[in-house]
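Q: Hi! Could you put the model up so we can walk through it together?

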Amino acid sequence: MDNSVSTGYGEYKGGIETISAYSWSEDESSLAYEITGSSNHALPLRLVDRRHQIEGTWRGYLQVADRTEGSISANLPSDFHLHELTDINPTDTDAVVNFCNTHGLLWLPKPVLESIELPGVSSALNTRVEPPWHRNHESLIDIAEIQMALRLLRAAVGTWINYRARGKLAPAWADQGLQTPIGDDQAMRWFGEVINPGLVSAHPAVVLVDASDTGQTPAFGLGAVHVVSLYDAICARIYNDVVTGGVYSYCQNEPCGRPFLTQRKTEGRSKVRTAGLRFCSEQCKRAQDSREYRRRKRGQATSGS
Ligand SMILES: [Zn+2]
């Protein structure tokens, strides 16, 4: 019996290589993997470390110093990855610097920086500049590292969104100017390689709370991790979307089209409504409402003449 399978990579004739051949199939229903979380629990979202501020440039690098004014931590929305991360243009260096100075410095975790499998990470960086946590005072970071972190995280978000929509995963990487993965299963492995190093800081820990202060919460006890890096904060948010398995709505404001789970309030980070929403934010609702109103008015004017 001929049980050959067309893989797009030549003819394959059964046997132990079934899995890799199967995964390279063009058929969406034949993905080699499913993406899931290692537990069913969403991670608590920690404050983001905002101690580092980019203050200038030095010999092609960005100069980073300890922040002297403003909060040293940022409380980011749970859908930061679907809004601010999605909206930033990684090629706009001024916007990238502003992004880091607003939300926290972005750098690549060592396992990502040194990953052999991830597409061209280390070759994109000029030289090795030690990440800021190794330095007590002034330090330097390559803007290419921040831009690479943005691209990888945006590709990871795109991978998950496409996965939920049962679409192709590879374009999520190509869209970021990254190498195109060989098939959707490689895109899934890259997804894990980007996200997992950013989840290490989310580990549980034994915490010592003040015995005489009964009101002290474990989050502020001795041994608790108070802040995480922006990279880790974004990974925790993507992980939580995986774990909760929410189905994204797509914003009906025509120029937006953003996938979202909850509608954003103009101010604050409260999640109010989740079901049957058409717009990612109140601004988008207003924009589309007035667009449709203008259209109706134009239609009336045309039919009346
Ligand atoms: Zn929108």
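A: First, a yardstick: a residue is buried if 20 or more other C-beta atoms lie within 10 Å of its own, exposed if 12 or fewer, and partly exposed in between, with C-beta atoms placed from the backbone. This is a predicted model, where local features need pLDDT of at least 70 and side-chain atom pairs count only at pLDDT 80 or more, while totals for chains, interfaces and linings use all residues. Residues are numbered from 1 along each chain as its sequence is written.

Q: Great. So is Arg166 buried or exposed?

A: Arg166 counts as exposed, because it has 9 C-beta neighbours inside 10 Å. Its place is in the loop between H5 and H6 (helices are DSSP runs of H or I, at least four residues, and strands are runs of E, at least two, numbered from the N terminus).

Q: And what is the phi of Arg166 like?

A: Positive, at about 55 degrees, although Arg166 is not a glycine.

Q: Let's zoom out. How many helices and strands are there?

A: The chain has 9 helices and 10 strands. Of its 305 residues, 31% are buried.

Q: How much of the contact set joins residues at least 24 apart?

A: Taking contacts between residues at least 6 apart in sequence, 60% join residues at least 24 apart. A contact here is two C-beta atoms within 7 Å.

Q: Now the packing. How do H5 and H7 cross?

A: The axes of H5 (residues 143–164) and H7 (residues 183–195) come within 9 Å and cross at roughly 130 degrees. Axes are lines fitted to C-alpha atoms, for helices over the stretch in contact, with angles from 0 to 180 degrees between N-to-C directions. That makes H5 and H7 oblique to each other (under 35 degrees is roughly parallel, over 145 roughly antiparallel, 65 to 115 roughly perpendicular, the rest oblique).

Q: Which residues of H5 and H7 meet?

A: On the H5 side they are Leu152, Leu153, Ala156, Thr159 and Trp160, and they meet Ala187, Phe191, Val194 and Ile195 of H7. By class, this contact has 8 nonpolar, 1 polar and no charged residues (Ala, Val, Leu, Ile, Met, Phe, Trp, Tyr, Cys and Pro count as nonpolar, Asp, Glu, Lys and Arg as charged, and the others, Gly among them, as polar).

Q: What about H3 against H5, how do they cross?

A: Their axes come within 11 Å and cross at roughly 80 degrees, so H3 and H5 are roughly perpendicular to each other. Thr93, Val96 and Cys100 in H3 meet Ile143, Ile146, Gln147 and Leu150 in H5. That contact divides into 5 nonpolar, 2 polar and no charged residues.

Q: Cool. How many residues are in the largest nonpolar core?

A: It has 49 residues, and Leu106, Ala149, Leu153, Ala156 and Ile234 have the most contacts inside it. A nonpolar core is a set of buried Ala, Val, Leu, Ile, Met, Phe, Trp, Tyr and Cys residues joined through C-beta atoms within 7 Å. H5 gives the largest share of this core, 12 residues.

Q: What does Ile234 touch?

A: Leaving out residues up to four places away in sequence, Ile234 touches Phe80, His81, Leu85, Leu153 and Gly198. There is also a second, separate core of 6 residues, including Cys251 and Phe260.

Q: Last one: where is Gly192?

A: Gly192 is in helix H7. It is partly exposed, with 14 other C-beta atoms within 10 Å. Gly192 and Tyr239 are 47 residues apart in sequence and 10.0 Å apart in space, C-alpha to C-alpha.
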